[in-house]
Amino acid sequence: MSTMNAVETLTRRLLIDGGITTGMRVLDVGCGYGDVTRMVAELVGDAGQVIGVDHDERALETARMRAAEQGFSNVAFAPGDMVPSMPIDGLFDAVVGRRVLMYQGNPIDAIDRLLQVLRPGGRIVFQEHDSTLGPNSSLPLHQQVHGWIWETVAKEGGNINLGFNLHSVLTQGGAKVEQVRAEAIVQTPTQSHPIAFIVRAMMPRLIEHGVATDAEIEIETLELRLNEERQKANATFIWDMAFGVWGSKP
Ligand SMILES: C[S@@+](CC[C@H](N)C(=O)[O-])C[C@H]1O[C@@H](n2cnc3c(N)ncnc32)[C@H](O)[C@@H]1O
């Protein structure tokens with residue numbers, strides 16, 4: 001299994017353990033290109049329905065296109081700030097989101113607003129991140145690249161330490177937390193993560209925020225240098241620490 005799949009597997013397991021199941025009507029908040037929306041659509045099946053919400057209309061266009069290409073008929077996408085901006089018919093059985101609370105100035109208020117569209121007893125499941133753990137001093141290039149990415153996310157307004165606060169945010173927002181988990185995406189000397197791909201995609205943002213220069217990134221050789229560094233040190237690196245939380249509306 002590739003590590004890219006490992007991230008998706010982690011999300012899927014979280015959704016299942018958090019109680020997303022057949023027949024549910026689910027809201028996917030901050031759906032972006034709809035990767036989580038489509039995953040939820042598979043879990044709820046034809047008897048269920050998923051609405052993906054995002055305030056980025058262009059992301060929604062891509063999300064619609066991908067869902068249509070893959071033949072999903074139980075998925076819809078709507079613009080909105082956390083909740084759909086158009087009136088919705090009835091309450092949701094579950095609200096889910098991945099890497100979205102970290103972008104809210106007031107995530108407690110966001111949870112409070114989401115609970116208003118969730119039925120009593122409805123499920124709430126979020127996957128967020130925390131960069132507190134990760135660095136391994138025997139891998140300086142890995143540390144540097146890890147730093148570039150998280151510094152860029154922070155400069156764009158992301159809370160890069162939300163994982164450890166998830167319990168408190170959901171509880172203060174009015175949800176009943178049932179479980180918090182943290183899982184690491186690790187790289188071993190032989191197991192790599194598509195870091196160069198991620199850095200390449202983020203490169204204009206890294207440069208725009210003054211986090212790193214073209215010459216420092218040296219994108220064409222980055223993957224090779226990272227793999228060599230881990231192999232030489234025979235070391236393991238925590239690339240990403242994914243926190244999951246699930247609970248319900250009291
Ligand atoms: C890091 S992306 C994650 C996308 C998707 N959840 C995933 O994991 O693939 C964060 C997304 O949340 C959206 N977003 C952030 N704040 C939002 C808000 N208040 N209301 C709606 N969407 C929001 C952004 O536009 C972006 O598409």
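In this predicted model, 15 residues surround the ligand, and Gly30, Asp54, Asp81, Arg98 and Gln104 come nearest among them. Sorted by class, this shell holds five nonpolar, five polar and five charged residues. The space that the ligand takes up is the largest pocket.

Polar contacts with the ligand include those in the table.

| Residue | Part of the residue | Ligand atom | Distance |
|---|---|---|---|
| Gly30 | polar backbone atom | nitrogen | 2.8 Å |
| Asp54 | N or O atom in the side chain | oxygen | 2.6 Å |
| Arg98 | polar side-chain atom | oxygen | 2.6 Å |

Gly30 thus meets a nitrogen atom of the ligand through its backbone, while Asp54 uses its side chain to meet an oxygen atom of the ligand. Arg98 also reaches a ligand oxygen atom with its side chain. On its own the ligand has 600 Å² of accessible area, and the protein covers 83% of this.

The model also has a cavity. The count comes to one cavity of 30 Å³ or more, and the largest cavity has a volume of about 40 Å³. Its lining is made of Thr11, Leu14, Leu15, Val36, Val96, Gly97, Arg98, Val125, Phe126 and Gln127. Helix H1 (3-17), strand E5 (92-98) and strand E6 (118-129) are the elements that each give two or more residues to this lining. By class, the lining residues of the largest cavity are six nonpolar, three polar and one charged.

Arg98 appears in both places: Arg98 is one of the residues that come nearest to the ligand, and Arg98 is also one of the residues that line the largest cavity.

Methods. Residues numbered from 1 in each chain as written. Predicted model: local features only at pLDDT ≥ 70, side-chain atom pairs only at ≥ 80, totals over all residues. Heavy atoms only, no water. Near = heavy atom within 4 Å. Polar contact = N/O pair within 3.5 Å; in protein donor to acceptor, adjacent residues only side chain to side chain. Areas by Shrake-Rupley, 256 points an atom, 1.4 Å probe, with all protein chains shown as cover. 1 Å grid on protein atoms, 1.4 Å probe; cavity = no way out; pocket = protein on both sides within 12 Å on 5 of 7 lines; lining within 4 Å. Sits in = over half its atoms within 2 Å of the grid points. Nonpolar A, V, L, I, M, F, W, Y, C, P; charged D, E, K, R; others polar. Points joined across faces, edges and corners; volume = space filled by probe spheres on them. Helix = DSSP H or I, 4+ residues; strand = E, 2+ residues; numbered from the N terminus.
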